[in-house]
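Work through the exercises below with the structure in view. Each task is followed by a solution in steps.

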Amino acid sequence: RRQKQYIGKLMRNADAAPIQAALDAIKEHGHTSAARFRELERWRDRLIAEGDAAISAFVENYPQADRARLRTLARNAHTEQTRDEAPKSARMLFRYLRDLTE
């Protein structure tokens, strides 16, 4: 309780603008990382569902991507989905997409 009161005393004398700017930056980073995560999930699902057409579209956006690796991971993930197996290849595909976009 005393620590909270002391922090309150310090805050009365401090300029709130830099603190608010730092809090806004943290909040904005959270929103952008969540949006990036959702975009990668959409790409993963599209690569698994559409196959070569989606791989071509992805390589257009990210030319550094390895087309053969994408194709292998997407096909393995599709096979796992149809067999109701654990989504090991889908996870590997997501990690690969995340590494490419970082």
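**Exercise 1. A salt bridge within one helix**

Task: Decide whether Arg46 is buried, partly exposed or exposed, and find which residue forms a salt bridge with Arg46.

Solution. The model is a predicted one.
- Step 1. The relative accessible area of Arg46 is 32%. Buried would need a value under 20% and exposed a value over 50%, so Arg46 is partly exposed.
- Step 2. The salt-bridge partner of Arg46 is Glu50, and the closest N and O atoms are 3.1 Å apart.
- Step 3. Glu50 has a relative accessible area of 44%, which makes this residue partly exposed.
- Step 4. Arg46 and Glu50 are four residues apart in helix H2, so about one helical turn separates them.

**Exercise 2. Salt bridges between helices**

Task: Find which residues are joined with Asp52 into one network by salt bridges that share partners, and state which helices these pairs tie together.

Solution.
- Step 1. Asp52 and Arg71 form a salt bridge through their side chains, at 3.0 Å from N to O. Asp52 belongs to helix H3 and Arg71 to helix H4, so this pair ties together parts 19 residues apart in sequence.
- Step 2. A salt bridge also links the side chains of Arg75 and Asp52, at 3.8 Å from N to O. Arg75 lies in helix H4 and Asp52 in helix H3, so the parts tied together here are 23 residues apart in sequence.
- Step 3. Through shared partners, Asp52, Arg71 and Arg75 form one network.
- Step 4. Asp52 has 38% relative accessibility and counts as partly exposed. Arg71, at 26%, is also partly exposed.
- Step 5. The count of salt bridges for the model comes to six.

**Exercise 3. The nonpolar core**

Task: Name the residues that touch the most other members of the largest nonpolar core, and state which element gives this core its largest share.

Solution.
- Step 1. The largest nonpolar core has 21 residues, and those touching the most other members are Trp43, Leu47, Phe58, Ala65, Leu70, Leu93 and Leu97.
- Step 2. Two or more residues of this core come from each of H2, helix H3 (52-61), helix H4 (67-82) and H5.
- Step 3. H5 provides the largest share, six residues.
- Step 4. Take Leu47 as an example. Apart from neighbours within four places in sequence, Leu47 contacts Ala54, Ile55, Phe58, Leu70, Ala74, Leu93 and Leu97.

**Exercise 4. Two residues compared**

Task: For Ser89 and Asp84, give the location and say whether each is buried or exposed.

Solution.
- Step 1. Ser89 sits in helix H5, which covers residues 88-101. Its relative accessibility is 7%, so Ser89 counts as buried.
- Step 2. Beyond its neighbours within four places in sequence, Ser89 contacts Leu73, Asn76, Ala77 and Glu80.
- Step 3. Asp84 is in the loop between H4 and H5. With a relative accessible area of 70%, Asp84 is exposed.
- Step 4. Asp84 has a phi near 55°, a positive value in a residue other than glycine.

**Exercise 5. A nonpolar patch on the surface**

Task: List the residues that make the nonpolar surface patch and say which helix gives the largest share.

Solution.
- Step 1. The patch covers about 680 Å² and is made by Tyr6, Ile7, Leu10, Met11, Ile19, Leu23 and Ile26.
- Step 2. Helix H1 (2-13) and helix H2 (16-50) are the elements that give two or more residues to the patch. The largest share, four residues, comes from H1.
- Step 3. Leu10 is placed in helix H1. At 44% relative accessible area, Leu10 is partly exposed.

**Exercise 6. The chain as a whole**

Task: Describe the secondary structure and the overall dimensions of the protein chain.

Solution.
- Step 1. The protein chain has five helices and zero strands, in the order α-α-α-α-α from the N terminus.
- Step 2. Along the principal axes, the C-alpha atoms fill a box of roughly 60 × 30 × 15 Å.
- Step 3. The radius of gyration is 22 Å, whereas a compact globule of 102 residues would be near 13 Å.
- Step 4. Of the 102 residues, 24% are buried.
- Step 5. The accessible surface is about 7600 Å², and 51% of this belongs to carbon and sulfur atoms.
- Step 6. Of the contacts between residues at least 6 apart in sequence, 46% join residues at least 24 apart.

Key: Residues are numbered from 1 along each chain as its sequence is written. This is a predicted model: local features need pLDDT of at least 70, side-chain atom pairs count only at pLDDT 80 or more; totals for chains, interfaces and linings use all residues. Side-chain values use heavy atoms; hydrogens and water are left out. Patches are made of residues with over 30% relative accessible area and no salt bridge: like charges are joined within 9 Å, nonpolar side chains (Val, Leu, Ile, Met, Phe, Trp, Tyr) within 5 Å. Accessible areas come from the Shrake-Rupley method with a 1.4 Å probe; for residues, only the protein chains shown count as cover. A salt bridge is a side-chain nitrogen of Lys or Arg within 4 Å of a carboxyl oxygen of Asp or Glu. Buried means under 20% relative accessible area, exposed over 50%, partly exposed in between (1.4 Å probe, protein chains only). Contact means heavy atoms within 4.5 Å. A nonpolar core is a set of buried Ala, Val, Leu, Ile, Met, Phe, Trp, Tyr and Cys residues joined through side-chain atoms within 4.5 Å. The radius of gyration is taken over C-alpha atoms; the globule rule is 2.2 Å times the number of residues to the power 0.38.
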